[in-house]
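Here's a quick walk through one model, with an eye on its annotated site and its ligand shell. Have a look at the structure first.

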Amino acid sequence: GLVNTRDMFEKAMSGGYAIPAYNFNNLEQLQAIVQACAETASPVIIQVSKGARNYANATMLRYMAMGAVRMAREMGSEIPISLHLDHGDSFELCQSCIESGFSSVMIDGSHLPYDENVALTRRVVEYAHAHDVTVEGELGVLAGIEDEVVAEHSTYTKPEEVEDFVSKTGVDSLAISIGTSHGAYKFKVAPGEEPPALRFDILSEVEKRIPGFPIVLHGASSVVPAYVELINRYGGNLEGAVGVSEEQLRRAASSAVCKINIDSDGRLAMTAKVREYLANNPKDFDPRKYLGAGRQELIDLISHKNRNVVGSADRL
Ligand code: G3H
Ligand code: 13P
Ligand code: NA
Ligand code: ZN
């Protein structure tokens, strides 16, 4: 069945790689994740936001996740699969997910005053651990996609807080803010200019204070330029979309970062191929055709990430 993240993170930490955490909310995304991860022999975290759970229906999701494990096994693959709540915003939501079979949850109290974040996270940990479910907490706020000053100091994780937070809450992993943000517009850069480097100095300060503790990197899509170009060519408008380079992600994966969150790249891959397919096949109206084109691209993207970016391929 579904497993919590404890074992995965222990192996990722000692092996110098990261477990990929792919968001999903529909059948084709989940099929692509399972197929690519089974074929590359990669442990995987399949994660669901509150919005995704509402979109797909909580009951449907639970059976989809169970189906994902069965599909992998029927492919002859023993990859561990974790079902994780992404950005849980209340004790009640975390509890509901745990009751419906999630093996891992995030409680994101990062926007709260420090003491309230500690108290809420602690409460979730107590409930979750009683059910053998692992918990991800967060310190530091990721810049919003409209935020012009991504380099604003106050949003970064404060390394001097991490040891206290981890020991008071009992979390199993910690999401930190070192310059990434969610979505497709992570950095404001002039055309042809390189986006700024992530704050690896903050990451290494964190590692010094809680050695061997699993760190999580959110907002880790590369915003693959080829997808942005395809989308723009076939009627979209994603001007100025920029993500995190693969080189920066490989560096993060080799450190204490044990979980790398990817949602936007999957959305872009699916959108690019659906737009391309529909533009080139104006007489087709069978969803299997255009969603199938998107799903195949997602399989290729995830295989590439597992093999060449997070380094989770062949880690069973
Ligand atoms: O961090 C956010 C994830 O990409 C999920 O996004 O809330 O639109 O499902 P969502
Ligand atoms: P991206 O928007 O960069 O894919 O980040 C996803 C994420 O952090 C989900 O929690
Ligand atoms: Na790592
Ligand atoms: Zn996130």
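## The annotated pair and the ligand shell

In the unreviewed UniProt entry, the annotation "binding site" covers Asp108 and Glu138. They span 31 residues in sequence, but no two of their C-alpha atoms are more than 5.7 Å apart, so they gather at one spot. Keep in mind that this is a predicted model.

Asp108 sits in the loop between strand S4 (104-107) and helix H6 (114-130), while Glu138 belongs to strand S5 (residues 134-139). Leaving aside neighbours within four places in sequence, Asp108 is in contact with His87, Gly88, Asp89 and Glu138. On the same terms, Glu138 is in contact with Asp108, Ser110 and Ala175.

Now for ligand 1. Around it are Asn23, Ser49, Gly51, Ala52, Asp86, His87, His182 and Asp263. Helix H3 (50-56) and strand S3 (81-88) are the elements that give two or more residues to this shell. By class, the shell has one nonpolar, five polar and two charged residues.

His87, in strand S3, turns up in the ligand 1 shell and among the contacts of Asp108. Its backbone is worth a look too: most residues other than glycine have a negative phi, but His87 has a positive phi of about 55°. Asn57, in the loop between H3 and helix H4 (58-74), also has a positive phi, of about 90°.

How buried or exposed are these residues? The C-beta counts within 10 Å tell:

| Residue | C-beta neighbours within 10 Å | Status |
|---|---|---|
| Asn57 | 11 | exposed |
| His87 | 21 | buried |
| Asp108 | 23 | buried |
| Glu138 | 25 | buried |

Key: Residues numbered from 1 in each chain as written. Chains lettered and ligands numbered in written order. Predicted model: local features only at pLDDT ≥ 70, side-chain atom pairs only at ≥ 80, totals over all residues. Near = placed C-beta within 6 Å. Helix = DSSP H or I, 4+ residues; strand = E, 2+ residues; numbered from the N terminus. Nonpolar A, V, L, I, M, F, W, Y, C, P; charged D, E, K, R; others polar. Buried ≥ 20, exposed ≤ 12 C-beta atoms within 10 Å, placed from the backbone. UniProt positions renumbered as here; feature names shortened; annotations may be inferred. Contact = placed C-beta atoms within 7 Å.
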